[in-house]
Amino acid sequence: MWTRALLKQNAKVVLSQSYWRVLLVCAVGLLLSGELDAGFERTVSDPASGLSVETSGLLFSSLLGLLISLGFLIGLILLMVLAAGWGIFFRSVVQVGWKRYMIRNRGGSPSFTTLFSAFDRHYWNVVSGQFYVTLRVVLFSLLLVIPGIVKGYEYCLVPYLLAENPGLPPRRAAELSSFATSGEKWKLFVLDLSFIGWRLLGALLFGIGVIFVEPYYQATWAELYAALRAKAIAEGYTTEAELQGL
């Protein structure tokens, strides 16, 4: 049986020997996964607000406005497509490598390149697994916010499972995560809530402080995965052979 205090204590022990290495990995992971919010306010101005065009008639002005609007719409669509592609084909794979680094860091000194280790022969399976659970969470979120949050915690171990066995079929990874988090979702939510104070503290200095808090958070979740992994094996949901697929 795990507790928040035990997980955090174990995380501190691990970080006492590896904090600066983990900090570097977390900083790069946050940057590449797009999760780093620097806290800067952005002022978005209308690019067309200063446009002054002499026209000889209302028709030309209307056509020009339509073309500008279409240009912005097409640009927005392209940006959305690029962002989706980045998230599916790059960000999700970096996340798996990040989790692999944190798992290995519990008992060793993994190489920095572990962060990118999921870009291997199992790349497409990792992409499929991450996309599969993301799609399910999004679909449940369309119903109501709460079901989406619940599903998010139900599948929260999928990146860790794929980090250990990148060849694990997507449906099986989702199934194992669902088994392991059964009866644990509220505790997982409370665990996340316990970091709010640290997050707020890290938000100081334009959000740069978040980088220094992230190793503690990631190390704690690596300890959580180890605990739920042991639970899944003990209850017969999986075996060491299935998880150790590397």
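Two rings of Phe, Tyr or Trp (for Trp, the six-membered ring) are called a pair here if their centres lie within 6.5 Å, and a pair is edge-to-face if the planes are over 60 degrees apart. By that rule, this predicted model has 15 aromatic pairs. Take Y123 and W124 as a worked case: their ring centres are 5.0 Å apart and the planes meet at 75 degrees, so this pair is edge-to-face. These two neighbours sit in different surroundings as far as solvent goes: Y123 counts as buried at 15% relative accessibility, while W124 counts as exposed at 56%.

Another edge-to-face pair is made by W198 and Y216, with 5.6 Å from centre to centre and 85 degrees between the planes. W198 belongs to helix α9 (residues 196-202) and Y216 to helix α10 (residues 209-234), so the pair ties together parts that are 18 residues apart in sequence. W198 is partly exposed, with 40% relative accessibility, and Y216 is buried, with 10%.

Back to Y123 and W124 for a moment. Both belong to one aromatic cluster, together with W86, F89, F90 and F119.

Rings also turn up under charges. K8 has its charged end over the ring of F195, 4.5 Å from the ring centre. K187 does the like with W2: the charged end sits over that ring, 4.2 Å from its centre.

Now step back to the overall fold. What is the chain built from, helices or strands? There are 11 helices and 0 strands, so to speak an α-α-α-α-α-α-α-α-α-α-α pattern when you read along the sequence. Of the protein's 246 residues, 37% count as buried. The UniProt record, an unreviewed entry, annotates residues 62-90, 131-150 and 195-213 as "transmembrane region". In the model, residues 131-150 are 95% helix and 0% strand, and the C-alpha atoms at the two ends of that stretch are 17 Å apart.

Helix α3 covers residues 58-105, and I77 is found there. I77 also helps to make a nonpolar surface patch of about 550 Å², along with L70, L73, I74, L78 and V81. As for its own exposure, I77 counts as partly exposed at 43% relative accessibility.

On to the charged side chains. A salt bridge here needs a side-chain nitrogen of Lys or Arg within 4 Å of a carboxyl oxygen of Asp or Glu, and the count by that rule is 8. One of them joins E164 and R229, whose closest N and O atoms are 2.6 Å apart. E164 lies in helix α6 (residues 158-164) and R229 in helix α10, so this bridge ties together parts that are 65 residues apart in sequence. Why do both ends count as buried? The cut-off is under 20% relative accessible area; E164 comes in at 14% and R229 at 15%.

E184 and K231 form another salt bridge, with 3.3 Å between the closest N and O atoms. This pair also links distant parts of the chain: E184 is in the loop between α7 and α8 (185-193), K231 is in helix α10, and 47 residues separate them. Both E184 and K231 are buried. Elsewhere, salt bridges with shared partners join E164, R229 and E240 into one network.

For a bridge within a single helix, look at R172 and E175, where the closest N and O atoms are 2.6 Å apart. Both residues lie in helix α7 (residues 170-180), 3 residues apart, which is about one turn of the helix. E175 counts as partly exposed, at 37% relative accessibility.

Finally, go back to helix α6, which also holds A163. With a relative accessible area of 1%, A163 is buried. Its C-alpha atom is 4.8 Å from that of R100, although the two residues are 63 apart along the chain.

Key: Residues numbered from 1 in each chain as written. Predicted model: local features only at pLDDT ≥ 70, side-chain atom pairs only at ≥ 80, totals over all residues. Heavy atoms only, no water. Patch = residues over 30% accessible without salt bridge, like charges linked within 9 Å, V, L, I, M, F, W, Y side chains within 5 Å. Areas by Shrake-Rupley, 256 points an atom, 1.4 Å probe, with all protein chains shown as cover. Helix = DSSP H or I, 4+ residues; strand = E, 2+ residues; numbered from the N terminus. Buried < 20%, exposed > 50% of the residue type's maximum accessible area, 1.4 Å probe, protein only. UniProt positions renumbered as here; feature names shortened; annotations may be inferred. Phe/Tyr/Trp six-rings, centres within 6.5 Å; stacked < 30°, edge-to-face > 60°. Lys NZ or Arg CZ within 6 Å of the ring centre and 35° of its normal.
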